[in-house]
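Please find below a short note on the model under review, set out as numbered points. The comments address salt bridges, overall architecture, surface, a loop residue and cysteines.

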Amino acid sequence: MHFPKNSSMAEISYICKRTVVSTKPVQPGKTHPLSALDRAMDHNRVRIVYYYRTPPGREVGEVTKRLRETISEMLTSFPMVTGRLQRNEEGQWVVKCNDAGVRMVEARAKGSVGEWLKSVDREKELKLVHWEDMFHKIYFWSTFYVQLTEFEEGGLAIGFSCTHLLADPICATMIIKAWADTSLLGEMPNPPLFHSSLPLIRPVNSINHNPYTHLINHYKSSLDNSTPVTNTKYTTIALLFTNPMVQACMEMARTHPEAHGTPIFPSPFEALAGLFWTCISNVKGWREGLINMSICLDMRKVLGLDEGFFGNCMVYNAVRGGDFNRHEISKAAMAIRGVMEKMDSEEIMDLIQWLECDSNRSSVLMGGCEHLICTNLEDVEPYSAKFEEGYAPVRVSYHIEPVSTKGQVLILPAPPEEGPLSRVVMVTLPENEAVKLCKDVRVLSFSPTILMGFNKN
């Protein structure tokens, strides 16, 4: 077993690593092909941490034992999760559904989950979510990992990680929800829907159709200009914006009547993305315009897919920042809205067809592009994942790696009790820039709660 060294993490003890398989065997010879949007995320990975309080009086290890049993039941409905990657005759990845299993790490942590959350930073949190890079022997490499960390004085952390090739953050959240439902209800009310490919409404070779090129050009640029992942030390800051704070940000980002007639109020995502786009451009010392940014959106609704669709549906698009300065939040928000409105089903299908035409186009290191990346994860529902009655997650963190060279912004829902407009914003930047962002006047003017920052212990 290869676990992190315990020098700075003496409060965590790694107990064991095991392989967990489903309770029912998979049909022999079953394979699962991957879509063009799956293959585009080949080099990326998703890491999520769910934090829970646990009922008093439980012995350490009791929760882990129970969840080890229910995950096997849940995995019966996810044969591709327990499978292994292999190349088909065209040299493209497919999943051989052989029930080789998911790697599970069991760990213990000192103190309580509440104490942990008071001082957690990026480095500490990632110790709670196990990951192993791809082996040279692909057939033995697990594509999904789970880490269960029980706190000696109460609490549980569930770390979940996977290759982005097989699941985007929405799919990963779906798996945790299915596991929670299996544990709490003994059944899965909303099983996943697996498709061999993304639906294409019109014929691939439509004579009268001129492809939309904006999205395709962005992916071409990312493919041509991907930069190697560096050893830059990144810091993640997580900020909670309550309902009134988000409303105030939307008010700040709205257009003015004299400029556009009737004022236009941006959505929570547009307002917060505009705020952090301008603030991050400022801390990076951008003098003219704003730093170029890529927004990443879930396209399930646009493509008319069922909510249970399992596969990558996150699409990136460029927002250019050269036409306005770093103080114009309303213009930034409207630029984001303009790009989002153009991302319709026709344009997405053109991108999918372009990616499908040549498998070499499908390996895009989105994390290596020369853009700030802002991802909209407002539609994930992590707080509904209850493994025990009355115990919803107290906090959930998402990480998409590798981090773009210019940084990353994830906009997530906040716990339901904070209100429908409330959001958590997770910003990952080089450490010196993260320090400056924490002192930015516009961010501070909203007085967000710092959930994760610099560990001063």
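1. Glu-270 counts as buried in this predicted model, because its relative accessibility is 6%, below the 20% limit for that class. Its carboxylate is paired: the side chains of Glu-270 and Arg-337 form a salt bridge with an N to O distance of 3.1 Å. Glu-270 belongs to helix 9 (residues 268-283) and Arg-337 to helix 10 (residues 329-342), so the salt bridge ties together parts that lie 67 residues apart in sequence.

2. A second salt bridge joins Arg-47 and Glu-401, whose closest N and O atoms are 3.3 Å apart. This pair links distant parts of the chain, since Arg-47 sits in strand 3 (residues 45-52) and Glu-401 in strand 15 (residues 395-401), 354 residues apart. Arg-47 and Glu-401 are both buried. Salt bridges that share partners join Arg-45, Arg-47, Arg-122 and Glu-401 into one network.

3. Lys-124 and Glu-11 also meet through their side chains in a salt bridge, at 3.5 Å from N to O. Lys-124 is in helix 4 (residues 122-126), while Glu-11 is in the segment before strand 1 (12-20); the two residues are 113 residues apart. How does the burial of each partner compare with the cut-offs? Lys-124 has 9% relative accessibility and therefore counts as buried, whereas Glu-11, with a relative accessible area of 23%, is partly exposed. The structure holds 20 salt bridges, among them the pairs described in these points.

4. As to the overall architecture, the protein chain contains 13 helices and 18 strands. Of its 457 residues, 59% are buried. Among contacts between residues at least 6 apart in sequence, 80% join residues at least 24 apart.

5. The protein chain exposes about 19500 Å², of which carbon and sulfur atoms supply 50%. On the surface, Phe-135, Tyr-139 and Phe-140 make a nonpolar patch of about 300 Å². One of these residues, Phe-140, is found in the loop between helix 4 and strand 7 (144-151). Phe-140 has a relative accessible area of 51% and is therefore classed as exposed, the cut-off being over 50%.

6. Where is Asp-440 placed? Asp-440 lies in the loop between helix 12 (431-438) and helix 13 (441-444). With a relative accessible area of 5%, Asp-440 is buried. The Asp-440 side chain reaches the backbone nitrogen of Val-443 at 3.3 Å. When residues up to four places away in sequence are not counted, Asp-440 touches Cys-279 and Asn-282.

7. How many disulfides does a search of the whole structure find? The search finds 0. Cys-374 is in no disulfide, and the nearest cysteine sulfur, that of Cys-296, is 9.4 Å away, against a limit of 2.5 Å for a disulfide. Cys-374 counts as buried at 1% relative accessibility. Cys-16, at 17% relative accessibility, also counts as buried, the class being defined as under 20%.

Key
Residues numbered from 1 in each chain as written. Predicted model: local features only at pLDDT ≥ 70, side-chain atom pairs only at ≥ 80, totals over all residues. Heavy atoms only, no water. Helix = DSSP H or I, 4+ residues; strand = E, 2+ residues; numbered from the N terminus. Buried < 20%, exposed > 50% of the residue type's maximum accessible area, 1.4 Å probe, protein only. Contact = heavy atoms within 4.5 Å. Areas by Shrake-Rupley, 256 points an atom, 1.4 Å probe, with all protein chains shown as cover. Salt bridge = Lys/Arg side-chain N within 4 Å of Asp/Glu carboxyl O. Patch = residues over 30% accessible without salt bridge, like charges linked within 9 Å, V, L, I, M, F, W, Y side chains within 5 Å. Polar contact = N/O pair within 3.5 Å; in protein donor to acceptor, adjacent residues only side chain to side chain.
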